[in-house]
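Here are a few friendly notes to read alongside the model. Please keep the structure open while you go through them.

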Amino acid sequence: FCPACRSLQPPGPRPDLFCLMACDRSFRVDVQQLRRRFRSLQRALHPDRFGQRTPTERLYSEQHSVLVNKAYQTLLHPLSRGLYLLELNGIQLAQETDSDADSEFLMEIMEINEKLAEPNNECHLEEIETLIKAKQEQLTKEVTTAFERDDLQEAKKVLAKMKYFANLEDKLRNKKTPS
Amino acid sequence: GCPAQVVDHYENPRNVGSLDRNAKNVGTGLVGAPACGDVMKLQVEVDENGKIVDARFKTFGCGSAIASSSLATEWVKGKTVDEALKIKNTDIAKELCLPPVKLHCSMLAEDAIKAALADYKLKQDPKKEDSEKK
């Protein structure tokens, strides 16, 4: 908000999402604090609050609101948070084929995918879900350690593994919701 | 035309399945793309004359990745190992009219072919294994 006339200003050009959500630029995030910040920002910036203001301000409030949502979702989930931290350090997950890939790991991903793809496997879905969750927890611990050690290359490797499991999680969710 | 062919490979992928990875004349390539989390397995069966007589794939990922690997298995059949090594991702992408954003899917397929053939070669000459492995 402009200090002089109190009108809403547009969001900055390349906002730092950690800064926006008043979090330290770290993989460790206080989720409760993040949620509180999210709610208080939305209370102040939500378009509904700008119904009586100028169209420009309403537009800005929409932009802010979208940004706040994006920041919240990015920082809330370990995978997106980790990837964002890498991005801030100029590192991205390889778009191309990973030639370093752990073939045992890929085989494991293949096997879980195959199990998920089997028809009439409703009774096994819970088992698969438990497995996926356990793996994700383990990987989250590993990536936390990597970031604490400032080992960004290791973090990148672990985040890549988490990406495969995130896809599995999505597929599982799709299977559970009746079509 | 191009669009029809592309849809066909998505809806009716050819050669989905597995070969016996323990057979000496079967090469297995397993590759992944970290950014999108796609995983692709491609297998080839080679006869005593070095010709690829069968190929299968299993891909978990986007439609373009599935179509690329389906096409790859079709293309390697009937080729010798050396001929199959010449298959380029750009040929696959062109055949399927892949948009630039999906080019990496065709690269994944090319890498899967190479990995399967490398695995096959390794199995034929175990002495090489120690010196060539990282």
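The points below cover a cavity and then one loop residue.

1. Please bear in mind that this is a predicted model. A search for cavities of 30 Å³ or more turns up one in the structure, and the largest cavity has a volume of about 30 Å³.

2. Which residues line this largest cavity? From chain A, they are A:Ile109, A:Asn113, A:Tyr164, A:Asn167, A:Leu168 and A:Lys171. Chain B adds B:Gly37, B:Val39 and B:Phe60 to the lining.

3. Two helices of chain A, H5 (103-117) and H7 (152-176), each give at least two residues to the lining of the largest cavity. The largest share, four residues, belongs to H7(A).

4. As for chemical character, five residues in the lining of the largest cavity are nonpolar, three are polar and one is charged.

5. Now to the loop residue. A:Gln95 sits between helix H4 (78-88) and H5 of chain A. Is A:Gln95 buried, partly exposed or exposed? Its relative accessibility is 39%, and because the partly exposed class runs between 20% and 50%, A:Gln95 counts as partly exposed.

6. What does A:Gln95 touch, once its neighbours within four places in sequence are left aside? Its contacts are with B:Ala33, B:Ala35 and B:His104.

7. One spacing to check on your screen is that of A:Gln95 and A:Asn69. These two residues are 26 residues apart in sequence, and their C-alpha atoms are 26 Å apart in space.

Terms used. Residues numbered from 1 in each chain as written. Chains lettered and ligands numbered in written order. Predicted model: local features only at pLDDT ≥ 70, side-chain atom pairs only at ≥ 80, totals over all residues. Heavy atoms only, no water. 1 Å grid on protein atoms, 1.4 Å probe; cavity = no way out; pocket = protein on both sides within 12 Å on 5 of 7 lines; lining within 4 Å. Points joined across faces, edges and corners; volume = space filled by probe spheres on them. Nonpolar A, V, L, I, M, F, W, Y, C, P; charged D, E, K, R; others polar. Buried < 20%, exposed > 50% of the residue type's maximum accessible area, 1.4 Å probe, protein only. Contact = heavy atoms within 4.5 Å.
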